[in-house]
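Trainee: Could you walk me through one part of this protein up close? I'd like to look at the aromatic pairs and what surrounds them.

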Amino acid sequence: MRITDRITATNMIQSINRSQGKLEKYNNQLSSMKEISKPSDDPLRASQIMNLNNSLIQNEEFSVTIADTVDWNNMQDSALENATDSLRRITTLIQSASTGTMSDSDRQAIKAEMETEISTLVDSLNTNFGGKYVFSGMNTTTKPFEISRNADGQMTGIQYQGTVDETDADGNAIPVKADLSRTIATGVDVSLKTDGRQLMNEQAGQDIGTFLADALKALDANDTEALSSKLLARSNAEMENVVNMRTEIGAISNRLKSAQERNTSENLNLQSIRSNKQDVDLAEKYMEFTMEQQSFQASLAMGTKILQTNILDYL
């Protein structure tokens, strides 16, 4: 075989092999609907797709965190709504008992209802979500509020057993973080209102527990003056404190909803960008496959004739 014939045959074989390789590539792309199946197909694009996949995974993790935090926030709001209803009823009972027309038996009936309402209030503040108490600070597995009683079973106050500040050797307070934090986006954290001490509303040695205990004592003593003045004013103050905390939780809820919308939008954008880099255009890819298939068949037919001619010259 002459050198020129050998070169021609070699080139033809190489051309057929290249065409066959393209056909296999297009066939794989059509089968998988992906532009690349391994990094060596396009290292730069493969790197970009991997980065996008990582971003999507991280975005999905943020989505789960946001959804869980929204549910947590909603549970807090529901608990405070119930607590507000209880305090509103307690205020109404104090108003009713403060009138001079009430008999002792009437006030005892009011006291019995108030005790029930206090228990309902504490139960609301002890609401838990997924086995974690929503107002116990960092001590999420510890029930935060408990009614304290004396030996006679009479209420003396409410104890808070959630996260509290520590003290040093000299008795100075060491602030301890009591609000849970959640990461809802890269570099973005949200602090939840989980410090139940705000609900205790401690001021000058008085808190919601001492107020409720004083109200029960006033009912026992038929102290209409205390009921109609300082206790009624304190009842309104306690209810306002709960409402204020609920307002703060509402602001956090609005922020979470905005974060949830942004997260959804970012997820769609990332999926669109990944699709543009990773997914094939079916119509375009099928056209390329068809054209390459025709080219391969033509090359194969031509190659068969050339190779047969070269061999027959030496028969």
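Mentor: Let's go from the whole chain to the aromatic rings, then to the core and a helix that helps build it.

First, some ground rules. This is a predicted model, where local features need pLDDT of at least 70 and side-chain atom pairs count only at pLDDT 80 or more, while totals for chains, interfaces and linings use all residues. Residues are numbered from 1 along each chain as its sequence is written, and side-chain values use heavy atoms, with hydrogens and water left out.

Now the big picture. The protein has seven helices and eight strands; these are DSSP runs numbered from the N terminus, with H or I runs of at least four residues for helices and E runs of at least two for strands. Of its 315 residues, 36% are buried. Buried means under 20% relative accessible area, exposed means over 50%, and partly exposed is in between, using a 1.4 Å probe and protein chains only. Take the contacts between residues at least 6 apart in sequence: 70% of them join residues at least 24 apart. A contact here means heavy atoms within 4.5 Å.

On to the rings. Searching the whole structure turns up two aromatic pairs. To count, rings of Phe, Tyr and Trp (its six-membered ring) need centres within 6.5 Å; planes under 30 degrees apart are stacked, over 60 edge-to-face, and the rest tilted.

One pair is Trp72 with Phe129, an edge-to-face arrangement with 6.1 Å centre to centre and 85° between the planes. Trp72 sits in helix H2 (residues 43-97) and Phe129 in strand E1 (residues 128-129), so this pair links distant parts of the chain, 57 residues apart. Trp72 itself is buried, at a relative accessible area of 4%.

The other pair is Phe145 with Tyr160. Their ring centres are 5.2 Å apart and their planes are at 55°, so this pair is tilted. Phe145 belongs to strand E3 (residues 145-149) and Tyr160 to strand E4 (residues 155-160), so the pair ties together parts that are 15 residues apart in sequence. Both partners are buried: Phe145 has a relative accessible area of 2%, and Tyr160 has 15% relative accessibility.

Stay with Phe145 for a moment. Leaving aside neighbours within four places in sequence, its contacts include Val122, Leu125, Phe135, Ile158, Leu199 and Met200, along with Tyr160. Phe145 is also one of the residues that touch the most other members of the largest nonpolar core, which has 48 residues; the others are Met114, Phe135 and Leu212. A nonpolar core is a set of buried Ala, Val, Leu, Ile, Met, Phe, Trp, Tyr and Cys residues joined through side-chain atoms within 4.5 Å. Several elements each supply at least two residues of this core, among them H2, E3, E4 and H5. In soluble globular proteins, nonpolar side chains tend to be buried together.

Leu212 takes us to helix H5. This helix covers residues 208-221, 14 residues in all, and reaches 20 Å from its first C-alpha to its last, close to the 20 Å expected at 1.5 Å a residue (the expected span is 1.5 Å times one less than the number of residues). Its buried residues include Ile208, Phe211, Leu212, Ala215, Leu216 and Leu219. An α-helix has 3.6 residues a turn, so residues three or four places apart point the same way. At the N-terminal end of H5, Asp207 acts as a cap, with a side-chain oxygen 2.9 Å from the backbone nitrogen of Gly209. Just after H5, Asn222 has a positive phi of about 55°.

The loop between H4 and H5 is worth a look too. Asn201 lies in that loop and has a positive phi of about 55° although it is not a glycine. Ala204 is in the loop between H4 and H5 as well, with a positive phi near 50°. Their surroundings contrast: Asn201 is buried at 15% relative accessibility, whereas Ala204 is exposed at 82% relative accessible area.

Finally, go back to H2, the helix that holds Trp72. Thr69 is found there too, and Thr69 is buried, with a relative accessible area of 1%. Beyond its neighbours within four places in sequence, Thr69 is in contact with Arg182, Leu192 and Leu256.

Definitions and conventions: A polar contact is a pair of N or O atoms within 3.5 Å; within protein, one must be able to donate a hydrogen and the other to accept it, and residues adjacent in sequence count only if both atoms are side-chain atoms.
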